Amino acid sequence: MRGFNSIWISLAVTATAVIAHSNSKVVEIGPSYNVLTEPFSREVGEPFSKTQVGSQSLENIGEAAFIVYNKKFYDIIGTKPNLTVVAEKDFSFAHEAGIYVAKTNEIIFTSNRLGDTSGTEQYVDIFKMNVDTYEVSKVSPKSEIYLANGGTFYDGKAIIVGQGKGSHGSAIYSVDPVTYETKVILNNFFGLKFNSMNDVVVSRKDGSFWFTDPSYGHEQKFRDQPQLGDFVYRWDPKTGDVRLAADGFVKPNGIQFSPDENIAYISDTGFTTGVGETDVKRPHTVYAFDVSRKNGSAFLTNRRVFAMSDTGIPDGIKLDVRGNVYVGSGDGVNVYSPQGVLLGKINTVRCANLVFAKKDLFILSETQIYHAKLNVEGVKLN
């Protein structure tokens with residue numbers, strides 16, 4: 001978080017003392033921010049801050065943990081919210097996935113790309129954190145997952161997508177969260193290699209897997225030449241049917257269903273390339289689709305814009321049981337109503353993904369993991 005205003009408190013983690021930063025500051029942004037006092041300017045990609053809104057100075061917006069754009073946000077965060085850093089390392093250990101395993105009361109997550117990121121020597125580590133003690137430890141799958149990224153929970157297993165490495169193609173893996181037994185469950189489209197799968201969700205209605213497959217791996221020099229476009233797929237493990245579910249994306253990224261699974265939310269992060277270059281004319285947008293079910297199958301129809309991030313890109317997506325949509329973005333977590341209204345933001349430096357453990361929200365922010373206790377539970381995965 002930019003200018004994070006910290007209060008130092010001690011938390012006991014087994015025999016080790018862990019220091020956490022805590023911030024409960026809330027800033028309300030009224031509708032007057034739509035008319036700014038001239039002259040004003042803002043760098044592309046930087047958070048909305050240090051700006052004059054009428055006579056109201058928002059120069060301290062970066063110090064706030066919670067930014068309220070709509071008072072309905074209080075229904076989510078409560079009247080006395082608190083944001084706490086519960087884990088911290090000196091490298092980007094908390095980047096993607098965010099998988100809650102109720103049996104062990106742990107969250108599993110993946111690091112950012114580590115090592116020499118100029119070629120195929122780069123790698124990704126997988127970690128877990130105990131939800132009660134905040135103790136972080138490394139996960140070692142029994143079989144290698146090449147550059148693990150997004151994930152979900154299904155049928156007692158952690159489902160993790162690997163982006164692939166060199167000639168090793170991208171794949172979906174099943175990982176036992178206790179024994180770490182690992183199995184490849186999908187790795188090709190009729191003999192063609194997937195690009196670099198980014199995120200995955202499993203339907204609770206029919207057990208089908210839906211996943212995004214952007215070509216970041218080739219841009220970031222750890223994958224060979226793409227054989228497929230930047231698409232979204234549906235795979236039915238019962239029949240083996242794997243098919244294109246949606247195209248028209250620059251870089252499809254996060255994917256998630258509404259609680260009733262009638263809507264699919266998919267983010268397009270084409271605004272930034274795999275090497276960090278940005279183009280404001282390309283999408284940094286979350287799209288909504290209707291999930292149409294017929295004759296035992298499902299299709300994505302009625303594509304429309306749901307929301308656009310004003311800072312960075314909309315990456316990972318999670319939902320609560322009321323249908324509110326939580327999007328990891330360049331300034332933290334943007335929270336939208338089911339109608340796409342920005343209710344508020346949980347203000348961290350950045351957030352690629354996040355995970356609910358009932359009413360506990362954990363925000364993966366590269367070198368830190370933040371925690372906020374909310375008034376609403378996340379959607380329970382199968």
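How much space lies in the second largest cavity? About 60 Å³ of space lies there, and I will come back to that cavity after a word on the model itself. What we have is a predicted model, in which local features need pLDDT of at least 70 and side-chain atom pairs count only at pLDDT 80 or more, while totals for chains, interfaces and linings use all residues. Residues are numbered from 1 along each chain as its sequence is written, and side-chain values use heavy atoms, with hydrogens and water left out.

Now to the cavities. A cavity here is a set of points, on a 1 Å grid over the protein atoms alone, where a 1.4 Å probe fits but cannot get out, and lining residues have an atom within 4 Å of a point. Searching the whole structure gives three cavities of 30 Å³ or more. The lining of the second largest cavity includes Lys193, Phe194, Asn195, Ser215, His218 and Arg223, and the residues of that lining divide into two nonpolar, five polar and three charged.

Let me turn to the sheets. In general, strands of a sheet pair through backbone hydrogen bonds, either parallel or antiparallel. Strands are DSSP runs (E, at least two residues), numbered from the N terminus, and two of them pair if DSSP finds at least two bridges between them.

One open sheet has four strands in the order S8-S9-S10-S11, with antiparallel pairing, and its edge strands, each pairing on one side only, are S8 (96-101) and S11 (136-139). Within this sheet, strand S9 (residues 106-110) and strand S10 (residues 126-130) pair in the antiparallel sense over five bridges, and Ile107 stands opposite Met129 in S10.

Another open sheet of four strands runs in the order S20-S21-S22-S23, and here too the pairing is antiparallel; strand S20 (252-257) and strand S23 (297-308) are the edge strands. Strand S22 (residues 285-294) pairs with S23 over nine bridges in the antiparallel sense, with Thr285 standing opposite Met308 in S23.

Finally, where does Gly274 lie? Gly274 is found in the loop between strand S21 (263-268) and S22, and it counts as buried because its relative accessibility is 11%, buried meaning under 20% relative accessible area with a 1.4 Å probe and protein chains only. Leaving aside residues up to four places away in sequence, Gly274 touches Arg113, Tyr216, Glu219 and Gln220, where contact means heavy atoms within 4.5 Å. By contrast, Gly274 and Ala102 are 34 Å apart in space, C-alpha to C-alpha, and 172 residues apart in sequence.

How values were computed: On a 1 Å grid over the protein atoms alone, a cavity is a set of points where a 1.4 Å probe fits but cannot get out, and a pocket is an open set with protein on both sides within 12 Å along at least five of seven lines; lining residues have an atom within 4 Å of a point. Grid points are joined across faces, edges and corners, and a volume is the space filled by probe spheres set on the points. Ala, Val, Leu, Ile, Met, Phe, Trp, Tyr, Cys and Pro count as nonpolar, Asp, Glu, Lys and Arg as charged, and the others, Gly among them, as polar. Buried means under 20% relative accessible area, exposed over 50%, partly exposed in between (1.4 Å probe, protein chains only).
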